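Please look at the sequence and the 3D structure shown here before reading on. The report that follows moves from one residue and its surroundings to the strands, the rings and the loops.

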Amino acid sequence: MLKSLGLLGACLLLFGTLSAQIPSSGNSFGFTLGYRQLTLRDQASSALTYRGSLPTLGLNWTRHTSQQIWEANLQGSYGKFFPQSAPSRMVIFLERNLDGSIDTVRVQATGSHLMLKGDVGFYHKQDFNHHSDAFWAVGARVSEELYYPQGFVSPGLTNVAAVSPQVLAGVGNFDKGLFTIGIVVPIAAVVTRLPYNQTVSKPEGPSATRSFFKYNTSVRTLNKHQEVKFRLGYQYQLGNHLSGGFFYEYAWLRDTDPRPLLMRTSTFAATLGFH
């Protein structure tokens, strides 16, 4: 199902991103290499809690001035996906043949998980005072995220396009080391999820991919969809046009329709930027 999205994901996986580099001024292009832990429970699909171990690659662009920060990010993650309580679980079917004999068919319940994310963000930046290296910034972000499990079941199959206010604070400077902490909270989202009957398409309808988005998409606010993302970062100037750093993000998501979905991700990554 959704084979075209899987092929697209395999291509975009080479160009994912997790965080933006923050140079003293001008443009920056960055690469990211990291690892993401995913935990989710989708009661519309399965009563089990699933986990994913997902290597992550990324690409980003940042425009930084004394008062503004602009960001454009793209990231991809792909890896193993399995029930947390039974990582080697198998589903067993009994099939009766035309001659009356019965065959036993065993199918692995484990699979893989693809995550694709893209966003564009803006901050207005302000120093705490003229004699301090600390600053704070507020802004907004537009993002789209696809969670695409592949296997016997599809818990957490979701697409979310969201609008989010965001806050960032930092201390230090780029030449000697810059620490940042931020939070992003979506306030409205266009969400696509599988229905409770797990049916994607109709016999007379469009393709599975088009049906997934056409029949299962709705606009949701905080009463049905909640997300919070916390971010920590450290960046350091390695040369005249090169920077490096580390990044951590914890994300929490809850969606209620058609049945509750709870998802948590923790991402650890190293970054390399050119400016």
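Leaving out residues up to four places away in sequence, Met 115 touches Arg 36, Leu 38, Leu 54, Gln 75, Gly 76, Ser 77, Leu 146, Tyr 147 and Thr 265, where contact means heavy atoms within 4.5 Å. The model is predicted, and for that reason local features need pLDDT of at least 70 and side-chain atom pairs count only at pLDDT 80 or more, while totals for chains, interfaces and linings use all residues. Residues are numbered from 1 along each chain as its sequence is written, and side-chain values use heavy atoms, with hydrogens and water left out.

**Cores and overall make-up**

Met 115 also belongs to the largest nonpolar core, whose 10 residues are Leu 38, Leu 40, Tyr 50, Leu 54, Phe 81, Met 115, Tyr 147, Leu 253, Leu 261 and Met 263. A nonpolar core is a set of buried Ala, Val, Leu, Ile, Met, Phe, Trp, Tyr and Cys residues joined through side-chain atoms within 4.5 Å; buried means under 20% relative accessible area, exposed means over 50%, and partly exposed lies in between, with a 1.4 Å probe and protein chains only. Strand S1 (26-42), strand S2 (50-64) and strand S14 each supply at least two residues of this core. Apart from this core lies another, of 7 residues, among them Leu 116, Leu 146, Tyr 148 and Leu 157.

In the protein as a whole, buried residues make up 43% of the 275 residues. The accessible surface comes to about 13800 Å², and 61% of it belongs to carbon and sulfur atoms; such areas come from the Shrake-Rupley method with a 1.4 Å probe, and for residues only the protein chains shown count as cover. Of the contacts between residues at least 6 apart in sequence, 67% join residues at least 24 apart.

**Strands side by side**

The protein has 2 helices and 14 strands, which are DSSP runs numbered from the N terminus (helices are H or I with at least four residues, strands are E with at least two). Two strands pair if DSSP finds at least two bridges between them, and the table lists several such pairs.

| Strand pair | Sense | Bridges | Residues opposite each other |
|---|---|---|---|
| S6 (residues 111-127) and S7 (residues 135-150) | antiparallel | 16 bridges | Phe 122 and Ala 140 |
| S7 and S8 (residues 158-173) | antiparallel | 13 bridges | Arg 141 and Ser 164 |
| S8 and S9 | antiparallel | 8 bridges | Gly 172 and Leu 178 |
| S9 and S12 | antiparallel | 7 bridges | Leu 178 and Gln 235 |

Leu 178 therefore links two rows of the table, since Leu 178 stands opposite Gly 172 and has Gln 235 in S12 as a bridge partner.

**Rings**

How many aromatic pairs does the structure hold? The structure holds 5 aromatic pairs, which are rings of Phe, Tyr and Trp (its six-membered ring) with centres within 6.5 Å, where planes under 30 degrees apart count as stacked, over 60 as edge-to-face and the rest as tilted. The ring centres of Phe 179 and Tyr 234 are 4.7 Å apart and the planes stand at 45°, so this pair is tilted. Because Phe 179 lies in strand S9 (residues 177-184) and Tyr 234 in strand S12 (residues 225-239), the pair ties together parts that are 55 residues apart in sequence. Phe 179 is partly exposed, at 49% relative accessible area, and Tyr 234 is also partly exposed, at 25%.

Tyr 248 and Phe 268 form another tilted pair, with 4.9 Å from centre to centre and 45° between the planes. Tyr 248 in strand S13 and Phe 268 in strand S14 are 20 residues apart, and the pair links these distant parts of the chain. Tyr 248 is partly exposed at 24%, and Phe 268 is partly exposed at 46%.

A charge meets a ring where Lys 125 lies over the face of Phe 135, at 4.9 Å from the ring centre; the criterion is that NZ of Lys or CZ of Arg is within 6 Å of the ring centre and within 35 degrees of the ring normal.

**Loops**

Val 185 sits in the loop between S9 and strand S10 (188-193) and is partly exposed, at 28% relative accessibility. Beyond its neighbours within four places in sequence, Val 185 is in contact with Ser 164, Pro 165 and Glu 227. The C-alpha atoms of Val 185 and Gln 226 are separated by 8.0 Å, although these residues are 41 apart along the chain.

Pro 258 is found in the loop between strand S13 (242-255) and strand S14 (261-274). A cis peptide bond, with omega of about 10°, joins Asp 257 and Pro 258.
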